[in-house]
Each structure stands twice: as C-alpha cells, then as structure tokens.
Amino acid sequence: MPVAGRNRGGGRVTRRGRMMPVVVTAVAAMLAVALVVVFVVLPRVRGDRRSASAPSDARMSRSAVPVPGDPTSMRARRIVDGMDVEERVGQLVMAPLFAGSEPSALKDAIADRHVGSVLLIGNWRSGVSGVRGVVDGLHSYVKDGSRLLVATDQEGGQVQHLTGSGFDEMPSAVEQGAMTTDRLRTSAAGWGGQLAAAGVNVDLAPVTDTVPGDRNQNDPIGALDRDFGLDAAGNAEHAAAFVAGMRDAGVQSSIKHYPGLGAVKGNTDFTADGILDTTTTADGAEIGAFHTVIAQASPAMVMMSLATYQRIDADNPAAFSSAIVDGVLRGRQGYDGVVTSDSLSAAAVSGTPTDQLGVRFVEAGGDLVCIGQSAYVTPILDGLTAKAKADDAFAAKVARSAERVVRLKLEMGLMA
C-alpha cells in the first residue's frame, strides 16, 4: 500500500513535463527498496516473532506431525490409491506369532490377506539369531517386495518377550525410572540395537501411564512395575528418553496406553471388571504425559487403552472412542501418526463381536489393529473388508489409515 501511495504522488508530478525523468528514477528506486523489504526483511521479522513467542514444545509438536502434501505423505497416498480394498485392510492388521511357531503359521495371512505387520508374542528364548531367522522367514512371504512392521513388547522386568543369547535382561520400568534420562537413553539404544539385530523394528513400549494411587491396587501397571514409578512429568521425561534411545538404534516405539491405565483396578487383558477410570480428564497431568512425549520425542505410534474414561467418554473404551482418538489425540493435539490398539482379543472388549472389533477401532480414528490371539485374525480382516465394501465413508477411513501406516513404512525404509 505505501508503494501505491507513492505511485499516485509520482503520477501527479509527471504532469509537470521536465520533472518526469527525475520522478521516474525516484519511483524506480523506491520500488526496489520496497521489494527488498517485502521479500527479505519482512519474512525475517515475522519468523523472529514466531520463534520468540512459540514455546519450544509447540514447535516440536508441529514438526512431529507430517504436513499434508509433504513428499512422503503424497507418495503414501499414491501407493494406497493403487491398492484394492483387501490390500488396504491388510495394512491395518498386526497378526500375532507365538513363541515356538514357525513363520509359515502366518504365510497365508501375509501372502494372501496382505497382512503388513506382525507381533512376536510369548516367551521367545531363542536369542537374537533365532528370532532373526523367524523374521526373515516372515518377510519372504510379502509379495510386493516391501518389508513388514515387526513388533514386540520389550518393556523390561516382567514384560520382555524376547530373551536368550544376545538379549540383555532388561530392568523393570520402575528401575529405569531411577536412572537419569541420559543413562536411560543410552541403555534403550543398547536394547534397541539388540532388537534391530533380531529384525524387530518396533517396540510396543514404553508404558507412559501414571499411577496416582496405591500401586498394588492397579493390576495392569503399578502391581507389575510397568511404569517408571514417577509423577506424570517424570514419567514423560523418561518415556521420551526411552523413545529417543530406541530411535538411536533404528527401532521405532509405541507409547501406551493412551490416555492412561494408572487409575483403574482391573487388567484389561484378563477382565472387563474394574476398568472404568473415573478421574482422568482430557486436560489432566496423566494424559498430558503422553502429549509431552509426542511433542518431544515423536513416537511412531500411540497405543490406545481398552479401559473406559468416564470424564472423557463414558460410553466407549478408549480404543473405540472417536471423542478420544479423533477428538482429543488427533483433533486437539494434532497427532497424525499411527494409532494402534491394545490387543483387541483382550477380555475388556470381549462383548464386541469379533468381526466388528477392527471396524469399531477404525471408525473411532484408529489405524493398526493389534491382535493377541491367532483365531481373531481372519474374522477381523473379514469384518473390515465387508464394511469397507458396503460403506463408502468407512472405505475412506480405511484408505486414510492405510496411508498413515504406509507413510510410516516409507519413513522406516520398509517400502521402496
């Protein structure tokens, strides 16, 4: 606008004949200066103002969320656009392989049903080399030349599924919570290196739950020392260090169990009783610990709890709650990474028909269905496929979830 004003003044001067050359020269000079201000100075000023006013964790949060239209997201969309419904659905399922099983147990699921992720579950005592042999066998069934997401629960203490030669005996999370964050990051990098050597590329850890009351009365977390044993802020710091250490070794993480299992009594794996949380809120310290880790460490996945949260959504378990997944995690927090479920073969959701478990999760905004029982794999695949073929709106959700999973795979170098 100031430049236009000067032009108007210059226009009036041109009527005076002999002053025209001087005025033209002056206007050109002013235009040049204005352009420098617009294209060089002003962007720097605006950038400085943003940097000074935005908190550091907010900047990290924005950087942790893939920008729609970025090259990796666009490539993921092109890949998913080239898939049929069955292929898209396959990307949304993490099938279990139990210790002692041959890779061939999942051959049909991977080769024919396009399952793109595997969970190593049970007590694997075969060491790094034994697990690697199984993982290599699983990859051989993928027909398009891509690689699988291969996950396990390697938390430490009572929850460490992979042991034997080459795997350290990991301390419990409470013991990890007594470490400095620098030491924990270094230790996690060591444990992550062992997972990477075994072909495992995702650790379904760390537990980021906070236990506010009597630990012994909290069956899923406190009684098993699965949390870091600190307040919400301390748990967040240590969870972020764990995630960073795993990533240092080339292994991604899933923080769990959003929005927190620390205030329930029952263990959702084994019971549907005592799993109503009456205290956790959408803006409290306990859920805030997860948000801090997302902002500071950018975990590849967030795992949803199967408990119900009375003060956020009293009608649905978190994994089936669009108010929690789409409303709080994705909407309010802006998280656009992969959302996975806790095992949907758990007792907590046993009242839902098996073929509708995956449907309810994806409808709520989830992406990757974690399954802890082999018999559930086919019904969940069938339910998702049937719903996607019958419902265009649901098919669009399946495609969007498949894009998030494929984008993660591209970022991890699992797809060419």
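This passage describes the overall make-up of a predicted protein model, its nonpolar core, three helix pairs and several individual residues.

The protein contains 15 helices and 13 strands. Of its 416 residues, 51% are buried. Among the contacts with a separation of 6 or more, 74% are accounted for by residues 24 or more positions apart.

In soluble globular proteins, nonpolar side chains tend to be buried together. In the present model, the largest nonpolar core comprises 115 residues. The residues with the most contacts inside this core are Leu-120, Val-131, Leu-138, Phe-242, Tyr-258 and Met-304. The surroundings of Leu-120 were examined further, leaving out residues up to four places away in sequence. Leu-120 touches Val-131 and Leu-138, and its other partners are Leu-97, Val-135, Val-150, Ala-151, Thr-152, His-161, Leu-162 and Val-200.

Helix 7 spans residues 127-139, and His-139 lies within it. His-139 counts as buried because its relative accessibility is 8%, under the limit of 20%. Beyond neighbours within four places in sequence, His-139 is in contact with Arg-147, Leu-148 and Val-150. Val-150 is also touched by Leu-120.

Two packed helices are described by the angle between their axes and the distance between the axes. Three helix pairs are considered in these terms. In the pair formed by helix 10 (residues 232-248) and helix 11 (residues 285-297), the axes lie 9 Å apart and the packing angle is about 30°. Helix 10 is therefore roughly parallel to helix 11, as the angle falls under 35 degrees. The crossing of helix 10 past helix 11 is right-handed. On the side of helix 10, the contact involves Ala-232, Ala-236, Ala-239, Ala-240, Val-243 and Arg-247. These residues meet Ala-285, Glu-286, Ala-289, Thr-292, Val-293, Gln-296 and Ala-297 of helix 11. Classed by type, this contact consists of 9 nonpolar, 2 polar and 2 charged residues.

Arg-247 of helix 10 is also a contact partner of Gln-252. Gln-252 is placed in strand 7, which covers residues 252-258. With a relative accessibility of 15%, Gln-252 counts as buried. Apart from neighbours within four places in sequence, the contacts of Gln-252 are with Asn-201, Val-202, Asp-203, Arg-247, Ala-300 and Met-412.

The second pair consists of helix 13 (residues 354-364) and helix 14 (residues 377-390), whose axes come within 6 Å and cross at roughly 55°. The two helices are therefore oblique to each other. The crossing of helix 13 and helix 14 is right-handed. Helix 13 contributes Thr-354, Asp-355, Leu-357, Gly-358, Val-359, Val-362 and Glu-363 to the contact, while helix 14 contributes Pro-379, Ile-380, Gly-383, Leu-384 and Lys-387. By class, these comprise 6 nonpolar, 3 polar and 3 charged residues.

The buried residues of helix 13 are Leu-357, Gly-358, Val-359, Phe-361, Val-362 and Ala-364. The elements covering them include helix 14, together with strand 9 (301-304), helix 12 (322-332), strand 12 (338-341), strand 13 (369-370) and helix 15 (392-412). Immediately after helix 13, Gly-365 adopts a positive phi of about 115°.

Helix 15 also takes part in the third pair, in which its axis and that of helix 4 (residues 71-81) come within 8 Å and cross at roughly 125°. Helix 4 and helix 15 are therefore oblique to each other, and their crossing is right-handed. From helix 4, Thr-72, Ser-73, Arg-75, Ala-76, Arg-77, Ile-79 and Val-80 enter the contact. Their counterparts in helix 15 are Ala-399, Ala-402, Glu-403, Val-406, Arg-407, Leu-410 and Glu-411. The residues of this contact divide into 7 nonpolar, 2 polar and 5 charged.

A further residue, Ala-314, belongs to strand 11 (residues 313-317). Ala-314 is partly exposed, its relative accessible area being 47%. When neighbours within four places in sequence are set aside, Ala-314 is in contact with Thr-308 and Tyr-309. The C-alpha atoms of Ala-314 and Thr-278 are separated by 9.0 Å, the two residues being 36 residues apart along the chain.

Notes. Residues numbered from 1 in each chain as written. Predicted model: local features only at pLDDT ≥ 70, side-chain atom pairs only at ≥ 80, totals over all residues. Heavy atoms only, no water. Axes fitted to C-alpha atoms, helices over the stretch in contact; angles between N-to-C directions. Helix = DSSP H or I, 4+ residues; strand = E, 2+ residues; numbered from the N terminus. Parallel < 35°, antiparallel > 145°, perpendicular 65-115°, else oblique. Left-handed = near helix turned anticlockwise from the far one by under 90°. Contact = heavy atoms within 4.5 Å. Nonpolar A, V, L, I, M, F, W, Y, C, P; charged D, E, K, R; others polar. Core = buried A, V, L, I, M, F, W, Y, C linked by side-chain atoms within 4.5 Å. Buried < 20%, exposed > 50% of the residue type's maximum accessible area, 1.4 Å probe, protein only.
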